[in-house]
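Please open the model in your viewer and keep the selection panel at hand, since this tour goes from one selection to the next.

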Amino acid sequence: MNINGNTVTIDKSAEEVFTFFTNLKNFKEIMPENIQKFEVDGDSFIFGLPGMPEIRLVLKEKTEFSNITLGAASSKLPFTLSADINELSENKTEVSLKFDGEFNAMMAMMIKKPLTKFVDTLTENIGKL
């Protein structure tokens, strides 16, 4: 299952955006308002939203100034969430989120709508940075 978020343009350099995302504590700033739990532990963080199980994301990959990829810590729900960073000019950068997961058809049907909403909310909040 693939979910591509909208591309947003923000008034920051690619380096600033990359640095923001590599500090996992900053992810709290782009989470939905109704977040119930957010804890950073080294190269991972755990978050909880109403009606969903808590999810731990681990920093899997980072390509300086162009990509950050987080992945699920649990192999029960294997997925990645990546942020592609594209510098347009010195102080203008495009960011797009991409969710890739391997779920059975039944699970995909149940979680596609809330996950799409989650990715859209993250993207919207990135646009406010």
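A residue is called exposed when its relative accessible area is over 50%, and buried when that value is under 20%. Bear in mind throughout that the model is a predicted one.

Begin by selecting M106, which sits in helix α3, the helix that spans residues 105-126. Is M106 buried or exposed? Its relative accessibility is 54%, and because the cut-off for exposed is over 50%, M106 counts as exposed.

Now add M109 and M110 to the selection, and show the surface: together with M106 they make up a nonpolar surface patch, whose combined accessible area is about 390 Å².

Next, turn to the largest pocket, which holds about 260 Å³ of space. Its lining consists of 13 residues, and those to select for its centre are M52, P53, I55, L77 and I111, the closest ones to that point. Helix α3 returns here, since five residues of the lining, the largest share, come from α3. If you colour the lining of the largest pocket by class, you should find 12 nonpolar residues and one polar residue, with no charged residue.

Finally, move to the second largest pocket, where the space comes to about 180 Å³. To display its lining, select P32, N34, L49, P50, M52, P114, K117, F118 and T121. Coloured by class, this second lining divides into six nonpolar, two polar and one charged residues. Leave M52 highlighted as you finish, for it is among the residues closest to the centre of the largest pocket and also lines the second largest pocket.

Definitions and conventions
Residues numbered from 1 in each chain as written. Predicted model: local features only at pLDDT ≥ 70, side-chain atom pairs only at ≥ 80, totals over all residues. Heavy atoms only, no water. Patch = residues over 30% accessible without salt bridge, like charges linked within 9 Å, V, L, I, M, F, W, Y side chains within 5 Å. Areas by Shrake-Rupley, 256 points an atom, 1.4 Å probe, with all protein chains shown as cover. Salt bridge = Lys/Arg side-chain N within 4 Å of Asp/Glu carboxyl O. Helix = DSSP H or I, 4+ residues; strand = E, 2+ residues; numbered from the N terminus. Buried < 20%, exposed > 50% of the residue type's maximum accessible area, 1.4 Å probe, protein only. 1 Å grid on protein atoms, 1.4 Å probe; cavity = no way out; pocket = protein on both sides within 12 Å on 5 of 7 lines; lining within 4 Å. Points joined across faces, edges and corners; volume = space filled by probe spheres on them. Nonpolar A, V, L, I, M, F, W, Y, C, P; charged D, E, K, R; others polar.
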